[in-house]
Number of protein chains: 2
Amino acid sequence: MENNQLKLENQICFKIYSAEREITKLYRNLLEELDVTYPQYLVLLVLWEEKSMTVKELGQKLFLDSGTLSPMLKRMEGNNLIERRRSLEDERMVIISLTKKGEDLKVKAQCIPSKLLENLSIDMKELKNLNQILSTILAKIQQKI
Amino acid sequence: MENNQLKLENQICFKIYSAEREITKLYRNLLEELDVTYPQYLVLLVLWEEKSMTVKELGQKLFLDSGTLSPMLKRMEGNNLIERRRSLEDERMVIISLTKKGEDLKVKAQCIPSKLLENLSIDMKELKNLNQILSTILAKIQQKI
DNA sequence: TAAAATTAAATTGCATACAATTTAATTTTA
DNA sequence: TAAAATTAAATTGTATGCAATTTAATTTTA
C-alpha cells in the first residue's frame with residue numbers, strides 16, 4: 001500500500017512554497033531598477049498608501065515581526081528610502097516615513113504590477129479565483145493564531 | 001485618480017507570499033516532533049520516494065541550488081538524517097541517501113499531511129482548484145526560464 | 001592529447017524570516 | 001505611587017534562499 005500523501009507531487013504546500021519563490025524571482029528582475037528587494041517593495045507599497053506608520057503597524061500589515069523588520073528598515077534608511085524617528089508621545093514606538101526619494105520611487109513603480117501580471121500570464125478569471133482561495137486560507141490560519 | 005494596482009490588498013503575490021509563511025508556521029509545529037525544518041522535510045519526502053539522489057537532482061526537484069542545498073544537507077548529515085558520498089563514476093557528484101534514522105522518520109511523518117490539511121481546513125474542491133491554478137502558474141514561469 | 005569549455009558542489013556575501021531574549025518605556029496594580 | 005506587568009523595538013542566534021565566484025572533475029575541441 002503506497003502512501004500517496006507523502007509524495008512530493010501531491011504536496012499542495014510545496015506548490016505554494018515553489019510558486020512564492022518563482023514569483024519573487026520575477027519581481028527581482030522588475031525591482032532591480034528600483035534597487036529594492038521584494039519585502040522592501042512591500043514596505044514601500046504600505047507607505048505609499050499611508051504616509052507614516054509605526055514598526056508594529058507595518059508588521060501587522062505585512063505579517064512580519066521586529067526581528068525581520070528592524071534590520072530591514074535600517075537598511076532602507078541606509079539607502080535613504082525611509083526615515084525612522086521615535087514617537088514623542090510614546091518613546092517605545094518608532095515611526096517610519098518616506099523620504100523624498102522613497103516617495104518619488106512610486107512613479108517608477110507604476111508599471112510593476114502590470115508587468116508582473118504579464119510575466120505570470122495568468123488569465124483574470126483564474127487570478128480572481130486564486131485570490132479568493134488564498135484569502136480564505138489566510139483568514140482561516142490567522143483566525144487560529 | 002487612484003492607483004489601485006499599487007495597493008497592498010490588491011497584490012495577489014503578497015497573498016502567496018503571506019500564505020507561504022503562514023503555512024510554513026503550521027508545518028513548524030507539526031515538524032517539531034521530527035526535529036526538521038520544512039525545507040529539510042521536503043528533502044526527506046524526495047528521499048522517501050527514491051532511495052538516493054545527487055545534489056543536482058534534488059535541486060531540480062525542489063527548485064533549489066547548491067548554495068541553499070549544500071549547507072542544508074550538511075546540517076542534515078550532522079543530525080544523522082542523511083549520508084553524503086562522492087560518486088565513484090563521476091567525482092564531481094555527491095550522492096545523498098537516507099540513514100536508518102532518516103528512513104525511520106517516515107513512520108512518524110505519516111500523519112503530517114492529514115494534520116496539516118486539517119489545520120488549513122480548506123475543502124477538497126477548493127484544494128484541487130488551488131492546486132490546478134498553482135500548477136499552471138508554475139509551469140508558465142518555469143517555461144520562461 | 002593538451003588546452004579550453006563545461007559541469008557539479010561548495011563557498012562567499014547579502015538579505016530575509018523567526019524564535020527567544022533583552023532593553024527601555026509605559027501602564028497596571030497592589 | 002512604587003513595584004509588577006505589559007508593550008515596542010532591537011538584538012541574538014539559527015536556517016534558509018540566491019547571485020556570484022571558486023574548486024575540482026570531466027568532456028569537448030583544436
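A polar contact is a pair of N or O atoms within 3.5 Å; within protein, one of the two must be able to donate a hydrogen and the other to accept it, and residues adjacent in sequence count only if both atoms are side-chain atoms. The model examined here is predicted, so local features need pLDDT of at least 70 and side-chain atom pairs pLDDT 80 or more, while totals for chains, interfaces and linings use all residues. Residues are numbered from 1 along each chain as its sequence is written, chains are lettered from A and ligands numbered from 1 in the order in which they are written, and side-chain values use heavy atoms, leaving out hydrogens and water.

Polar contacts with the DNA make a good starting point. In chain B, the side chain of B:Arg21 places an N or O atom 3.1 Å from a phosphate oxygen of DNA strand C. B:Ser70 also meets a phosphate oxygen of this strand, at 2.6 Å from a polar side-chain atom, whereas B:Ser66 has a polar side-chain atom 2.7 Å from a base nitrogen.

The wider surroundings of DNA strand C comprise 30 residues, a residue being near if one of its heavy atoms lies within 4 Å. Among those that come nearest are A:Thr37, A:Gln40 and B:Tyr17. On the DNA side, sugar and phosphate make up 76% of the strand's atoms within 4 Å of the protein.

What of the two protein chains? A rotation of 180° with 0.0 Å of shift along its axis superposes chain B on chain A, with an RMSD of 0.0 Å (least squares on C-alpha atoms of residues with pLDDT of at least 70 in both). This is the relation of a two-fold axis.
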